[in-house]
Amino acid sequence: MTTESTTIDNKGIVAQAFAGLVETGDVAAVERVLSDGFVHHRPDSTSSTKHEWLASVRASLERIAGMRVEVLHVLADGEHVVMHSRRRLPSGPEIAVIDIMRFEGGLIAEAWETIEPTAEAAGHLTWWDGAGPTR
């Protein structure tokens, strides 16, 4: 299999699995594409193993019912796939989410996730401000 076809396959695996999860709440759609040694990395460290992450997803399904997800980009390069989306609950804030997944043997072996409420984004840009220290 060429790198190009692997990239396309990995992108399709992510798109199909997460569409199943978002559209129908089918956690098994994602579970099938995670390696047994899957590691989930998040700044808050709420879940790291496959079992912990899947339990967290299952527990959140009721709270996120009716969430609207707009996938803006799915980019792939070899063993990595990046998905950028905006998500909004019927009564909640809009969030921007970046998911980065690393594949190994046709399965997702690692994932990184960053979530930012879009209304707070400007407040997180202070380090871009020209008034800060220079080197």
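**H40 and its surroundings**

I started with the side chain of H40, which makes a polar contact with the side chain of W53 at 3.3 Å. This is a predicted model, so I am reading that distance as a computed one. H40 sits in strand β1, residues 34-41. Buried or exposed, I wondered about H40? H40 has 5% relative accessibility, so I noted it as buried. The cut-off for buried is under 20%.

Next I listed what touches H40, skipping neighbours within four places in sequence. The contacts are S47, S48, W53, A111 and E113. So W53 turns up both in this contact list and as the polar partner of the H40 side chain.

**K50 in helix α3**

I moved on to K50, which lies in helix α3. I put K50 down as buried because its relative accessible area is 15%. Which residues does K50 contact, leaving aside neighbours within four places in sequence? I found E31, L34, S35, D36 and F38.

**Salt bridges**

I counted seven salt bridges in the model. My reminder to self: side chains of opposite charge can pair when their charged atoms come close.

I looked at E31 again here, having just met it as a contact of K50. The side chains of E31 and R58 meet in a salt bridge, 3.0 Å from N to O. This pair links distant parts of the chain, with E31 in helix α2 (residues 27-31) and R58 in helix α3 (residues 50-60), 27 residues apart. E31 has 30% relative accessibility, so I wrote it down as partly exposed. R58 is also partly exposed, with a relative accessible area of 41%.

Then I checked R86, which forms a salt bridge with E94; their closest N and O atoms are 2.9 Å apart. R86 counts as partly exposed because its relative accessibility is 32%. E94 comes out at 19%, so it counts as buried. I note that the limit is under 20%.

Another pair I looked up is R102 and E104, with the closest N and O atoms 3.1 Å apart. R102 is buried, at 16% relative accessibility. Salt bridges that share partners join R102, E104 and E110 into one network.

**Strand β3 and its two partners**

I walked along β3, residues 80-88, and looked at where the side chains go. V81, M83, S85 and R87 point to one face and are buried. H80, V82, H84, R86 and R88 point to the other face and are not buried. I recalled that in a regular strand the side chains alternate between the two faces of the sheet.

What lies on either side in the pairing? I took β2 (residues 68-77) to begin with: nine bridges join it to β3, and the two run antiparallel. V69 stands opposite R87 in this pairing. β2 and β3 form a hairpin with two residues between them. I checked the turn too, where G78 has a positive phi of about 60 degrees.

Then I turned to β4, residues 94-104. Nine bridges join β3 to β4, again antiparallel. H84 stands opposite I98 in β4. How many residues does the hairpin from β3 to β4 pass through? I found five.

Last, I went back to R86 with the strands in mind. R86 is among the β3 side chains on the face that is not buried, and R86 has its salt bridge with E94.

Note on methods: Residues are numbered from 1 along each chain as its sequence is written. This is a predicted model: local features need pLDDT of at least 70, side-chain atom pairs count only at pLDDT 80 or more; totals for chains, interfaces and linings use all residues. Side-chain values use heavy atoms; hydrogens and water are left out. Buried means under 20% relative accessible area, exposed over 50%, partly exposed in between (1.4 Å probe, protein chains only). Helices (H or I, at least four residues) and strands (E, at least two) are DSSP runs, numbered from the N terminus. Two strands pair if DSSP finds at least two bridges between them. A polar contact is a pair of N or O atoms within 3.5 Å; within protein, one must be able to donate a hydrogen and the other to accept it, and residues adjacent in sequence count only if both atoms are side-chain atoms. Contact means heavy atoms within 4.5 Å. A salt bridge is a side-chain nitrogen of Lys or Arg within 4 Å of a carboxyl oxygen of Asp or Glu.
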